[in-house]
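Colleague: Please pick one part of this one and take me through it closely, side chain by side chain. After that, tell me how the rest hangs on to it.

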Amino acid sequence: ENIDEDVIRCAEEDGSKEGWLVAGPAVGLSDFGSLYGAVCQGDDDEEEDDASAALVAEAKEKLGAADENLHRASEARQQAQALGEQTSRDLEDGVAACELVREKRAAAEEFVKEKRASLRSASSAETAAQQRLDRAMRSKASAEDGRLGAKQKATGAAEATGVAENALSEAVAQAMGAEDAFFKALADVEAQLGIVGPSGKGVGTSAVDAKADTVRKAQRDLEKAKKALESLGMRQAELDVAEDDVHKTDRGIAEAEYGVAKVGVSDGDDNTAAGSADAQLAIARKGAEITKKNREKERARAEQAQGKAALKVDVAREAVAAALQTLTEAGHALAESFTKTQARAVRADQVKAAQQAVKAAFRPFNTSFANCRKARDLVSKAINLRRKAVQKASLVGISEAEATHYLAQADRELQEATADEDRRRSEREDADTALGCAEADRTAVEVEEIETKRRRDELKAAGPVAKESVKAARLAEKEAALARSALHAACSKVEREKSQLEDAMSNAVTRLKAEEYDPNQVGQAYEKAQKAGD
């Protein structure tokens with residue numbers, strides 16, 4: 001400004017106020033002294049340039065600081081936005097995780113319920129298996145006691161059967177003795193009847209004669225008695241055979257019933273797999289039942305034959321008894337008809353002795369036959385007692401076989417019950433372990449759910465904070481941008497002014513150096529301006 005004042009003052013001294021300055025100071029005023037002084041004074045200009053460069057450098061330094069501040073603010077805003085976005089994503093993930101964990105917890109609860117139901121079922125099954133085992137143990141103990149009792153009864157029945165067999169043997173022996181005595185008496189009777197021939201004359205040394213018709217009648221009655229006795233013997237033999245058959249069929253039925261008892265009674269459900277143990281048992285049971293039915297039929301036939309034979313024996317015995325009675329009467333009549341033999345001289349007492357001998361022969365005759373009948377009746381009673389003993393032994397044997405079968409069943413049931421109880425206990429322990437694992441998993445899921453909810457709540461609380469941080473970062477970035485823009489504008493202005501000044505000075509110097517000086521240029525310029533004004 002001082003240089004311009006000096007130029008204006010010098011221009012006034014040159015008469016600029018007289019009108020020539022209206023052409024414009026840019027044309028009419030030139031400070032050549034300052035121009036050439038500036039050219040000659042290089043050191044002063046360098047100092048002024050250094051001051052200007054310092055200002056520019058200071059402005060650039062402030063601008064760099066503003067750029068750095070803006071960069072930091074931008075990074076802080078980006079970090080805040082990234083943090084906010086990450087928080088939003090984490091919140092969404094947390095909400096999804098909470099939903100997933102809730103579903104997992106529901107599934108874990110359902111799984112625990114299933115395992116509890118399985119444990120209850122396994123516990124019930126174990127309790128039922130234990131009860132079954134207790135029943136099986138009691139059944140086996142009862143079966144063992146029953147088998148022991150049946151075995152003792154079988155021993156007693158076997159002894160009773162032996163006693164009955166011995167009694168029957170004794171009765172048979174007594175019957176045979178009685179029959180021997182009877183036939184001996186019969187032989188004596190026949191011998192006494194033989195002292196007189198069919199013609200009524202005495203035979204040999206006989207001291208008596210008798211009426212011929214009486215003798216023939218006695219001989220006929222003797223023959224009838226013999227035939228009756230022969231028929232009775234045949235009928236008795238048939239009865240013995242029939243009774244033996246009945247005894248055999250009783251034995252056969254006892255064996256068949258024992259076989260049925262050994263395999264058990266069929267329950268009507270034998271539909272088992274072919275070749276299995278149950279199938280083989282069913283086949284054996286069916287065979288034993290068929291055998292038993294056949295033996296029952298055989299016994300029925302034997303009993304029927306024995307009944308018929310017994311009736312025939314009774315009839316034959318009655319016939320023998322009648323024949324013997326007739327023979328006895330004929331014998332007594334024969335004895336009464338005895339007279340002294342005509343063949344030689346005999347005394348009366350000899351005739352009487354002969355009569356007494358005949359009558360004496362007939363006295364044990366009927367008694368011995370009665371004894372035979374009693375002995376045979378005792379044999380029949382002994383046979384019945386033996387049959388009852390055999391039947392009782394058979395029943396006891398069946399009971400023993402059934403007890404043995406039941407004991408085998410009880411033992412098998414005990415083994416199965418023991419195995420079932422072990423299996424059920426193992427299943428219950430597995431179910432208990434599974435429930436414990438399920439509850440542990442549920443607890444872990446519950447802990448995970450609590451942690452997930454806590455994390456979700458933290459993210460919900462962090463969301464507004466992150467938004468505020470983003471808002472503050474954006475505001476700081478905006479302020480930093482505005483400050484940078486202001487500094488950038490100021491710096492640009494200084495640089496532009498410096499550049500313009502340097503360009504103006506450079507152009508002015510260049511034009512002045514290239515311009516040829518004209519002393520009349522001011523006047524010419526003034527005139528040109530005046531013309532332009534006109």
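Modeller: Quick bit of vocabulary before I start: helices here are DSSP runs of H or I with at least four residues, numbered from the N terminus. Also keep in mind that this is a predicted model. With that said, let's go to T249, which sits in helix 5. Buried or exposed? T249 counts as buried because its relative accessibility is 9%, and the cut-off for buried is under 20%. Its side chain reaches back to the backbone oxygen of V246, at 2.7 Å. Leaving out residues up to four places away in sequence, T249 touches E298, R299 and A302.

Staying on this helix, look at R251. The side chain of R251 meets that of E165 in a salt bridge, with 3.8 Å from N to O. This pair ties together distant parts of the chain: E165 belongs to helix 4 (residues 42–193) and R251 to helix 5 (residues 212–263), 86 residues apart. Both ends are partly exposed, E165 with a relative accessible area of 24% and R251 at 36% relative accessibility.

Now for the nonpolar side of things. The largest nonpolar core has 44 residues, and L193, L327, F338 and F365 are the ones with the most contacts inside it. Helix 5 is one of the elements giving two or more residues to this core, alongside helix 4, helix 6 and helix 7. Of these, helix 7 gives the most, with 12 residues. L193 is a good place to see who meets whom: ignoring neighbours within four places in sequence, L193 is in contact with A218, Q219, L222, L327, G331, L334 and F362. There is also a second, separate core of 6 residues, with V112, A122, A431 and L435 among them.

How many aromatic pairs turn up in a search of the whole structure? The search finds 2. F182 and F183 make an edge-to-face pair, 5.5 Å centre to centre with 70° between the planes. F182 is buried, with a relative accessible area of 2%, whereas F183, at 44% relative accessibility, counts as partly exposed. F182 also pairs with F369: the centres are 5.4 Å apart and the planes lie at 50°, so this pair is tilted. That second pairing bridges distant parts of the chain, with F182 in helix 4 and F369 in helix 7, 187 residues apart. F369 is buried too, at 8% relative accessibility. Put together, the ring pairs link F182, F183 and F369 into a cluster.

Back to charges, this time between helices 6 and 7. K359 forms a salt bridge with E336, the closest N and O atoms being 2.5 Å apart. Here K359 is in helix 7 (residues 348–514) and E336 in helix 6 (residues 277–336), 23 residues apart, so to speak across distant parts of the chain. K359 counts as partly exposed, at 25% relative accessibility. R347 and D349 make another salt bridge, their closest N and O atoms being 3.1 Å apart. D349 is partly exposed, with a relative accessible area of 45%. Shared partners also join R132, E413, E416, D420, R423, R424 and E427 into one salt-bridge network. The count of salt bridges comes to 40.

Methods: Residues numbered from 1 in each chain as written. Predicted model: local features only at pLDDT ≥ 70, side-chain atom pairs only at ≥ 80, totals over all residues. Heavy atoms only, no water. Salt bridge = Lys/Arg side-chain N within 4 Å of Asp/Glu carboxyl O. Buried < 20%, exposed > 50% of the residue type's maximum accessible area, 1.4 Å probe, protein only. Polar contact = N/O pair within 3.5 Å; in protein donor to acceptor, adjacent residues only side chain to side chain. Contact = heavy atoms within 4.5 Å. Core = buried A, V, L, I, M, F, W, Y, C linked by side-chain atoms within 4.5 Å. Phe/Tyr/Trp six-rings, centres within 6.5 Å; stacked < 30°, edge-to-face > 60°.
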